[in-house]
Amino acid sequence: MSFPVDNTAGNNNANTMASDPRLIYYDIAFAVPREKNTAAPNPWKARYALNFKGIPYKTEWVQMLDITKVRKGLGASACRKFADGTDYYTLPVLKDSITGAIVGDSFDIALYLQETFPDSGSGDLFPEQPDLNYVCPGAEEVLIPLSKREDVQHKDYSKFNTNVDWAFTLHTALMASGMKWDKEFEQGIKDEFVRRLGAKSWEDMGVYGEKRVHMLESLKQTLTGLAELYKRNENGPFLLGDRASHADFIVGGWLRFMERTLPADEWKQAEGWHDGVFGKLHAALQERFGDVK
């Protein structure tokens, strides 16, 4: 995928620290304080990439029920489909006021940032990693719409993104009930989720008791192969040791979702899974690239 590129982008760091950043980042409005409660995994993947690149940006918070209207208004096509073939409009979206680009997928946002600002911030988002070979077991069971990708660039990262998404999406029932919304919009948002998934009620979408225990164990086992990738580099906490890449942000977006939506005792368990590799990864990402701007 190619994007309109600003030929002066290499000098952007000194010139874009203005009061109106060139990049506008559209994210889902969770409950206030938004900086604390924002949790959606795909927006977090892109937010980590933005902070990694160090490009000034401003977040525009969009209420869940307004996403379709806002996305269409920006001219961003849907990057997913529901099971019935209808368009599924979601966030994030990135708008570049200089190039005019409207980029509406977390992976495409990372590609755009690397192409437009190749030398900014912490460097290359897509360094060569020949062993991004995690395969999610049971992926054929995923029913929630995922982005359909036909990438030419960084196919290894794209495939990794798909498999990581599958792994966590199979277990999102553990986390959905923990999302926090502004009270005035909460019921409408819950009703929309119920409609999308064809459930009887919001409560019926949850997982409880013994079934929940088994699903937590299933998530732990599903992530075994992913954890093995992280264990290869003893220096950690990232796949490449102390050097983060977009592959870490792909995983990290989901870890943020877990940390903000699971009950505290369950997140404590998850932090310690597989010798603590995911807890260490989440902590490092939040410390180094976790600012909400």
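A cavity is, on a 1 Å grid over the protein atoms alone, a set of points where a 1.4 Å probe fits but cannot get out, and its lining residues have an atom within 4 Å of a point. The model is predicted: local features need pLDDT of at least 70, side-chain atom pairs count only at pLDDT 80 or more, and totals for chains, interfaces and linings use all residues. Residues are numbered from 1 along each chain as its sequence is written, and side-chain values use heavy atoms, with hydrogens and water left out.

**Exercise 1. Describe the second largest cavity and its lining.**

Solution.
- Step 1: Three cavities of 30 Å³ or more are present in the structure.
- Step 2: The second largest cavity holds about 40 Å³ of space; a volume is the space filled by probe spheres set on the grid points, which are joined across faces, edges and corners.
- Step 3: Its lining consists of Phe30, Lys36, Asn37, Ala39, Gly178, Met179, Lys180, Arg260 and Thr261.
- Step 4: By class, this lining has three nonpolar, three polar and three charged residues. Ala, Val, Leu, Ile, Met, Phe, Trp, Tyr, Cys and Pro count as nonpolar, Asp, Glu, Lys and Arg as charged, and the others, Gly among them, as polar.
- Step 5: At least two lining residues come from each of α2 (34–37) and α10 (246–261). Helices (H or I, at least four residues) and strands (E, at least two) are DSSP runs, numbered from the N terminus.

**Exercise 2. Determine how helix α5 (residues 106–116) is covered.**

Solution.
- Step 1: Buried means under 20% relative accessible area, exposed over 50%, and partly exposed in between (1.4 Å probe, protein chains only).
- Step 2: Ten of the eleven residues of α5 are buried, among them Phe107, Ile109, Leu111 and Tyr112.
- Step 3: The cover over these buried residues includes the strands β1 (23–28), β5 (93–96) and β6 (102–103), as well as the helices α3 (41–53), α6 (155–169) and α10.
- Step 4: At the N-terminal end of α5, aspartate 105 acts as a cap, with a side-chain oxygen 2.9 Å from the backbone nitrogen of phenylalanine 107. A polar contact is a pair of N or O atoms within 3.5 Å; within protein, one must be able to donate a hydrogen and the other to accept it, and residues adjacent in sequence count only if both atoms are side-chain atoms.

**Exercise 3. Establish the surroundings of leucine 262.**

Solution.
- Step 1: Leucine 262 lies in the loop between α10 and α11 (264–289).
- Step 2: Leucine 262 counts as buried because its relative accessibility is 7%.
- Step 3: Leaving aside residues up to four places away in sequence, leucine 262 touches Leu174, Met175, Arg212 and Trp267, where contact means heavy atoms within 4.5 Å.
- Step 4: Leucine 174 is 88 residues from leucine 262 along the chain, and their C-alpha atoms are 7.0 Å apart.

**Exercise 4. Identify the cis peptide bonds before proline 33 and proline 92.**

Solution.
- Step 1: Valine 32 and proline 33 are joined by a cis bond with omega of about -5°; proline 33 sits in the loop between β1 and α2.
- Step 2: The bond from leucine 91 to proline 92 is also cis, with omega near 25°, and proline 92 belongs to the loop between β4 (87–88) and β5.

**Exercise 5. Contrast histidine 154 with aspartate 275.**

Solution.
- Step 1: Histidine 154, in the loop between α5 and α6, has a positive phi near 55° and is partly exposed at 26% relative accessible area.
- Step 2: Aspartate 275, in helix α11, has a positive phi of about 65° and is exposed at 60%.

Terms used: 1 Å grid on protein atoms, 1.4 Å probe; cavity = no way out; pocket = protein on both sides within 12 Å on 5 of 7 lines; lining within 4 Å.
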